[in-house]
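Got the model loaded? Let's go through it chain by chain, in questions and answers.

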Amino acid sequence: MIYQGKQKIWADYQKEIPDNHWFYVRSCIRQNFFPGAEKMFLEICRGLLKKDIFETEHHTTCGGIAYHCDTIPQETVMTIVARQFALMTEAGYENYVASCITSFGNYIEILETWKEFPELETRIREMLWKACKREFNKPKYVAHASDLIYKYRNEIAARAKFRLVNRFTGEPLKVVEHIGCHYAKMFPARGVGGAEYPYVLCGMIESWGGNVIDYPERRHCCGYGFRQYHVKANRGYSLSNTYKKFESMEPYHPDFILTNCPGCPYFMDRWQYVIAETEGKTYGENGYGIPVLTYEELASLVLGYNPWDIGLQLHQVAVEPLLDKIGIEYDPKEKYKGLNEKDLMRPELPGVLRCC
Amino acid sequence: MDFGFKLSPSSAINLDKVDTEKFAELHRAEPDVYKCMACGSCTSTCPANRFSGMSVRKVILGLQRGKEKEVIAMMKNCMLCGKCSMVCPRGINTRHLILSICRIYGEDMK
Amino acid sequence: MKENIVIIGGGIAGLEAACQLLDLGYKPIIIEKSDHLGGHVADWNCLFPDMTPAGDIVSALISKAADANIFLNTEISFVNKLQDSYNIMLSNGISIITRIMLVTTGFSVFDASKKEEYGYGVYDQVITNKDLEHWFNTGDDRRVNDSAMNAIGFVHCVGSRDEKARNSQCSKVCCITAVKQAIEMKQKFPEAMVYCFYMDLRMFGKKYEDFYISAQRDYGIRFIRGRVSEVSENIDGRVIVKAEDTLSGKPVKVTLDLLVLMAGMVCSQDSTKVANMIKLPLDSDGFLKSADNVADIIDSPKEGIFYAGACTGPKTVPETLAEARAAALKIHLYIMKK
């Protein structure tokens, strides 16, 4: 691997990310999958870095899941998106940041489509007006939330309590990064680092002390693939894609996987359980799995937040071996205590995959 | 545990895992085997093809892709009529080739 | 004969035209940007289909053209159009008045790093056709590890027939170059598996098909019909390529010790620069536009300006030489007529 070759490509794909004043939209599914992630994004950006991030309870889905499942007309998706832009305009913002990769791809695709077909934009403006008497300006900048954390990575590193270093060996942690397909594959120039060698997560890992692993199936789909998973008859394809990735990364012994998409961390986390149950195979050390983190969770960990406050108990793969390696202290007894000491109850332990 | 779904077998051909020894032996006996350019003349003229799928082109390809079992099953439909040798633009002696395959891959035919 | 004839580019087209013009009694001027003559062919090792040493061709041309006025390390700064001639200002400060120019600016090798998915410049064992010729000539390339050469792959059509790379044209010579280089590698590494990943094999020239048959029959080179979609590196540093074996309709992957990208021909920046200076049009394929692509390939649409070689599109060496000779004769007749 020629690192300078990648740097050359990264230099070609740098996009402008304004530092402040963002209109934030959430993902439909992330709060169920990784409930701490979006909360921590706001906590880090607003609370810690004092950025102006605005969100409104009036925003809806972007229509992306329906769009990619082919169950919704394109004009409908566009009108939904136009309404989101109207909310942004009404709130007085010009920079639009999405929590979800598919939403991000959806926004970019729609804006590019309007650029090519201005008459379609005119029609959508009419439809939005007829539907809810709203008007909108197009955002000046559209970013994915991981672009912002990438932008703030060095500020976070400066405040970090922990580095991505194995405290037993002193070696940098070996990290697999996985980028959601809709981040840059459709419009490579809109992703930090492009589509073939995305830099957005690599930048965080490098800045926080870890080593990025490049393995043969790095570009491969996580396995979610919308219709692969949603249609039960196809679910074996979803599992098989994930299996292919894990088989390919196995020889590198990664310490954890970092992701920036709603679906990827979920499927790479949960399918490790299914692979363990059906194939008897696990990929971490001593029968554990490989922990899969979102970039907000990782940022929170290096900043020293309590693992149980950022939702890591909802991961299928136990994160404790990773916490031990980084040197993050945690109280095992507190793991399944929710807000105000509420007992969340303990999940049943799997038969093959070792968990805590 | 039965989830109602499981890993799907991969259809990909991994050339790293294809055994090349027997094909090398075949190549020594029949150097022309490599000359096939996959034009399909043999297949279109084969009297067994439309009923059984027999195709000399597929036989030659399959042996290089680790599909010996499928190829051998296919070859059992060959009637050695020789029409394929008549039409081959590269002049491959297909009848002789088929007999050499039978000899070299004989074990797989059982 | 005092007529100034300016040849722009000292590759084989420029040299051959100069030789012919010298024989006809003229004293042509060759302007060459680099520090040596011979262009791309000077970087090559052997030429298909008879493995003619490229160096022999180039050195014969250079010695025959020695009496021409040759300016190395020289570029054209600007060109002024006069009444019925041109004033050419060179970067060395010399200016030339001429009414006849022969454009032999040739081609550029496609920048293979633009095909990011192939990892040229990122993965250690990915090189181009040009790099391989350099290695044949010098033996110097740390990416080629002679001690472990078990599997080698060639990717045809890199930056050719590729609308996304903005080159929809076929570069013409890469198919046969891949066959040639595959044979050469098999000769050097008889135990290695050699794969060629192709979309179509375009064996149009004299003896090319024989060469291809020999690659198959005598060298056992494996031709896989399918374009490589993605290259990655495995844990021991070897490269894994993915393609579809379109003949069996199945995805195929293989681990290789060396991957050679057959980078195609694109119009050189020097050609477009010259075209801008003398207001020559470009054809839809990005190369210089001839007066007519069938009958008048060496005539530009402008009086007194002629073309030879790959500035008008991908050409083989014999085609380029033939065009250079034709252009020299055309220039001679043009001067006689006046």
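Q: How much surface does chain A expose, and what share of it do carbon and sulfur atoms supply?
A: This is a predicted model, so take the numbers as computed from it. Chain A exposes about 14900 Å². The share supplied by carbon and sulfur atoms is 50%.

Q: What percentage of chain A counts as buried?
A: Buried here means under 20% relative accessible area. Apply that to the 356 residues of chain A, and the buried share is 57%.

Q: Which helix and strand counts does chain A have, and why can it be called as compact as a globular protein of its length?
A: Chain A has 16 helices and eight strands. For 356 residues the globule rule gives 21 Å. Chain A is as compact as a globular protein of that length because its radius of gyration is close to that value, at 20 Å.

Q: How far apart are the mean positions of the positive and negative charges in chain A?
A: Chain A carries 43 positive and 45 negative charges. Take the mean position of each set, and the separation comes out at 1 Å.

Q: Over to chain C: how many helices and strands are there, and what is its radius of gyration?
A: Chain C has seven helices and 20 strands. The globule rule gives 20 Å for its 338 residues, and the chain's own value is close to that, so chain C is as compact as a globular protein of that length. Its radius of gyration is 21 Å.

Q: What box do the C-alpha atoms of chain C fill?
A: The box is taken along the principal axes. Its dimensions are roughly 65 × 35 × 35 Å.

Q: Among contacts in chain C between residues at least 6 apart in sequence, what percentage join residues at least 24 apart?
A: A contact needs heavy atoms within 4.5 Å. Keep the chain C pairs at least 6 apart in sequence, then ask which of those are at least 24 apart: that's 64%.

Q: How far apart are the centres of the positive and negative side chains in chain C?
A: There are 38 positive and 43 negative side chains in chain C. The centres of these two sets are separated by 4 Å.

Q: Which residues of chain C lose the most area to chain B?
A: On the contact count, 20 residues of chain C meet 21 residues of chain B. Between them the two chains bury about 1900 Å², with 53% of it on carbon and sulfur atoms. On the chain C side, three residues together account for 33% of what is buried there: C:R217, C:R222 and C:L247.

How values were computed. Residues are numbered from 1 along each chain as its sequence is written. Chains are lettered from A and ligands numbered from 1 in the order in which they are written. This is a predicted model: local features need pLDDT of at least 70, side-chain atom pairs count only at pLDDT 80 or more; totals for chains, interfaces and linings use all residues. Side-chain values use heavy atoms; hydrogens and water are left out. Helices (H or I, at least four residues) and strands (E, at least two) are DSSP runs, numbered from the N terminus. The radius of gyration is taken over C-alpha atoms; the globule rule is 2.2 Å times the number of residues to the power 0.38. Lys and Arg count as positive and Asp and Glu as negative; His and the chain ends are not counted. The place of a charge is taken as NZ of Lys, CZ of Arg, CG of Asp or CD of Glu. Buried area is the accessible area (1.4 Å probe) that two parts lose on being put together, summed over both. Buried means under 20% relative accessible area, exposed over 50%, partly exposed in between (1.4 Å probe, protein chains only). Accessible areas come from the Shrake-Rupley method with a 1.4 Å probe; for residues, only the protein chains shown count as cover.
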